[in-house]
Structure formats: structure tokens, C-alpha cells
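Here's a quick briefing on the empty space, the ligand site and a few backbone oddities in this one. Have the structure open while you read.

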Amino acid sequence: MKYGVNGQGYYGDFGGAYIPEMLYPNVEELRQQYLTIINDDEFKAEFNQLLKDYVGRPSPLYHAKRYSEKYGANIFLKREDLNHTGSHKINNAIGQILLAKRLGKKRIIAETGAGQHGVATATVCALMGIECVVYMGEVDMERQAPNVSRMKMLGAKVVPATSGSKTLKDATNEALRDWIGNPVDTHYIIGSVVGPYPYPDMVARFQSIISEETKKQLLEHTGNELPQYVMACVGGGSNAMGMFYHFLDDESVKLVAVEAAGKGVDSGHSAATTFLGREGVLHGSRTILMQTDDGQVVEPYSISAGLDYPGIGPQHAHLFKINRAQYVSVTDDEALQAGLLCSQMEGIIPAIESAHAIAYLEKMKFKPNDNVVICLSGRGDKDLDTYIKYFGY
Ligand SMILES: *Cc1c(COP(=O)(O)O)cnc(C)c1O
């Protein structure tokens, strides 16, 4: 693959594995084994069976008729919101739990911000009967209380991270500390295309089922497996990478990645990483991140907890730098309005994350026969309180 990872774990200038010495054995074990394991026929059969019977795949590709009329092109929604647990995150969690089993691991750890990845991880651990510990910032535990309850109900132990800003990056530090202390029996399930190599490549491969299905479904709908545009929101970038993956080498397909501008890119309350960030190292890989002049990570802001991340995965940093994909941003207000419009025009309440991708339709100019696919990464049930507060229902 032209835009894939090279043998050293890099995408152009980005990627690699910038890890403390003490994590080397864990990451090295993964690096040596991941491709052999996930390319094994038995692994693939088990992965695909669970995606079908447990997750409910293939997720539909829905031709949104009223949107198509409004925007003057054929708008398709890839319905990851219909997956078990309500988002694309389960695809990766299933892949990684099967990998962990084959590595002989007896214990799973994960970090979570909004709780969606924590819920997906707790779910697959219950499915496999494996012990699960999820680290979560104390502030996030308060903000996302229903997801904390879900994880507990599923049998996971939720450990509050009480240092720093008590949010996602502190939870990540706690999870890494745990992994250093338990290198032999524990696998760390990272929830996006971030972290040291091989995580970004591994997670992208597990999420690539999204574009694999989309190609077949587009062929059925339109007679052509290639659309003109593919769009997705970007936090760390896993739903976008899954949505882009099998279109990357088809240069005619325009890829649009939508970041969270929060209260505006210049407001000081934003998570628009490609606008505000510079090259540096975050969570084990060289990428683009929001940082101060002396390299301290800047606390990001978005109304959407899933997009509230100060970096992007290294493959995104590469696609941005070489201009293979276009990186744009959408504010809180624009996303919430798009969420309301989607609810009332298509009967689908989207996650606020996904609403960012949909909101960008307003700024696009299409030709009448353009085919446009948007990844609807998750459902909006978890966001009802936020929507209701905003619209004053
Ligand atoms: C977590 C999440 C995201 C953002 O994560 P990516 O890795 O960028 O996909 C987007 N949408 C939903 C519904 C999520 O739960």
C-alpha cells in the first residue's frame, strides 16, 4: 500500500515507537507477532464470525434521500451507529481481544475518555471471560457517569486517574504505568489509530472493514465501487482511517477528515489539531499535536468527548502533510445543529462526533452526480443530555 506503514513503523515522517525502555518488551512482542496472527486464516474466520453475529455486520450503507435532495448529490451514510455498543469502536476491540487471547494474555487494560472505548473493551472482555481494568480520568468519570455504570455492569473494574487534569491523557499515563508493571500477562487495548507502532497499523486494519464493506455496497447502489468523496470525523482517527483505508490508493476519491473546532479554531477552546498543532511526540508516536512553545501538551476542547484529543494518529499526520486527505474543522454549534437536522430530516440521532462529519456537508460544493459517503461513527443516545441542554427542550 502506497500510504501504508513501512517496515520501520513509519508513515513518511510520522509514526515509530517512542516508548520508555521498560515498555520495550511488550511493544516488541506485539510488533513481532501482530501480522502473523491477524493474517492467520483461523483468526480471520473467528474475527469475521463475531463481526457478523455479535456486532451485526455488515453495517448498512444508507442512501439518505432527503439529504441528497438538500445537498444536490447522492449522500450515503455508513451506519456504524447500528453496531453493538453503538459505534465503530467495537470492531477494534473484537480484533484486539482475539489477538490478546492468541498471545496468551490473561488480563486486559484500557484507557477511556468519553467511555465509549471503555464500554467496547469491557464488552469483549465479558464475551471472552477475561479480567478487564479500565483507567478513566476522575473528571471524565463524573461527566460520563452512564458509561461508567455500563462498564461496571459488564464486569470491568474502572480505576479513576487522579493526577493532572484528571482526563484522558492522565488515564493513558495510568494505563501505561500498569502495563510496565504487568508486561507478561496483560494486553493494553488502545482505542484509536494512535500510540507506538504497531498500534496505528493494527487498529487501522481492524477498522478497515468499514471501507471494505462500503466498496461492495456502493457497487450495488451505484454500479461503481468508487465514490467522489469519503468523509469522517477525526478524534484520534480510527473511524476515519477505517473509512479511508481501501480508498487510499484510489487517487480519484477525495478524502475529507473533519476535526472539532470547539468554540472556534482561534478561541483557545478547540481540538482542531492540524490547524493548531505542530510536529512532536505524543503517546508513543511522532505525529502532529497541540503543544506550547516549550512542548507541553495543550489541553484540547470539544463539546464532543470523543474528539477531545490533542493529537491525531501518525497516518493522518502523513496524509495531511502530503495532501492526500483534506483536513477541515467544524465548531460545536455547527455540529449540534447538524445533529438536530439529521434527526429531523433522516430520523437518525447521530453521536455528536459523527455530527461533525455531517455538518461539513454545508461547506461542500457538489456536482449533481457525485456520490458521497459519510461515516456515521456512532449513535447519539449517549449525547441526549448535551443536545437537550443546548436546544432547551
Ligand atoms: C471515539 C469516537 C470517535 C473518535 O474516535 P476516532 O478514533 O477518531 O474514530 C468518533 N465517533 C464516535 C461515535 C466515537 O465513539
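**Pocket, ligand, cavity and backbone**

When it comes to lining the largest pocket, α8 gives the most, with five residues. Keep in mind that this is a predicted model. The largest pocket holds about 710 Å³ of space, and the ligand on its own has 390 Å² of accessible area, of which the protein covers 97%.

**The largest pocket**

- A total of 46 residues line the largest pocket. If you want to find its centre, look for Glu111, Leu168, Ser192, Val194 and Tyr309, which lie nearest to it.
- Five elements give two or more residues to this lining: β5 (107–112), α5 (116–128), α8 (168–181), α11 (238–244) and β11 (278–282).
- Sorted by class, the lining of the largest pocket comes out as 22 polar, 19 nonpolar and five charged residues.
- Both domain 1 (18–50 + 89–203) and domain 2 (56–87 + 208–391) chip in, each with at least three residues of the pocket lining.

**The ligand**

- There are 17 residues around the ligand, and Lys89, Ser192, Gly235, Gly237 and Ser238 come nearest. Ser192 also turns up among the residues nearest the centre of the largest pocket.
- Ser238 puts a polar side-chain atom 2.7 Å from an oxygen atom of the ligand.
- Gly236 uses its backbone instead: a polar backbone atom there is 3.2 Å from a ligand oxygen atom.
- For a ligand nitrogen atom, look to Ser377, which has a polar side-chain atom 2.7 Å away.
- How much of the ligand's accessible area does the protein cover? The figure is 97% of the 390 Å² that the ligand has on its own.

**The cavity**

- General background first: rolling a probe the size of a water molecule over the atoms shows where empty space is left.
- The count here is one cavity of 30 Å³ or more, and the largest cavity has about 30 Å³ of space.
- Its walls are made by Thr85, Ser87, Lys89, Ile90, Gln116, Val119 and Ala120. Lys89 is also one of the residues that come nearest the ligand.
- Which element supplies the largest share of the cavity lining? That's α5, with three residues; α4 (89–102) and α5 each supply at least two.
- By class, the cavity lining splits into three nonpolar, three polar and one charged residue.
- α5 has a part in the pocket as well, as one of the elements giving two or more residues to that lining.

**Backbone oddities**

- Most peptide bonds are trans, and most residues other than glycine have a negative phi, so departures from either pattern deserve a glance.
- Two cis bonds to look at: Arg57 to Pro58 is cis, with omega near 0 degrees, and Tyr197 to Pro198 is cis too, with omega near 15 degrees.
- Pro58 sits in the loop between α2 (41–55) and β3 (61–63), while Pro198 is in the loop between β8 (186–188) and α9 (199–207).
- His283 has a positive phi, near 45 degrees, despite being a residue other than glycine. You'll find His283 in the loop between β11 and β12 (285–289), and β11 is one of the elements giving two or more residues to the pocket lining.
- Asn323 also has a positive phi without being glycine, with a value near 70 degrees. Its place is the loop between α13 (314–321) and β13 (325–331).

Notes:
Residues numbered from 1 in each chain as written. Predicted model: local features only at pLDDT ≥ 70, side-chain atom pairs only at ≥ 80, totals over all residues. Heavy atoms only, no water. 1 Å grid on protein atoms, 1.4 Å probe; cavity = no way out; pocket = protein on both sides within 12 Å on 5 of 7 lines; lining within 4 Å. Points joined across faces, edges and corners; volume = space filled by probe spheres on them. Helix = DSSP H or I, 4+ residues; strand = E, 2+ residues; numbered from the N terminus. Nonpolar A, V, L, I, M, F, W, Y, C, P; charged D, E, K, R; others polar. Domains from an automatic or database assignment. Near = heavy atom within 4 Å. Polar contact = N/O pair within 3.5 Å; in protein donor to acceptor, adjacent residues only side chain to side chain. Areas by Shrake-Rupley, 256 points an atom, 1.4 Å probe, with all protein chains shown as cover.
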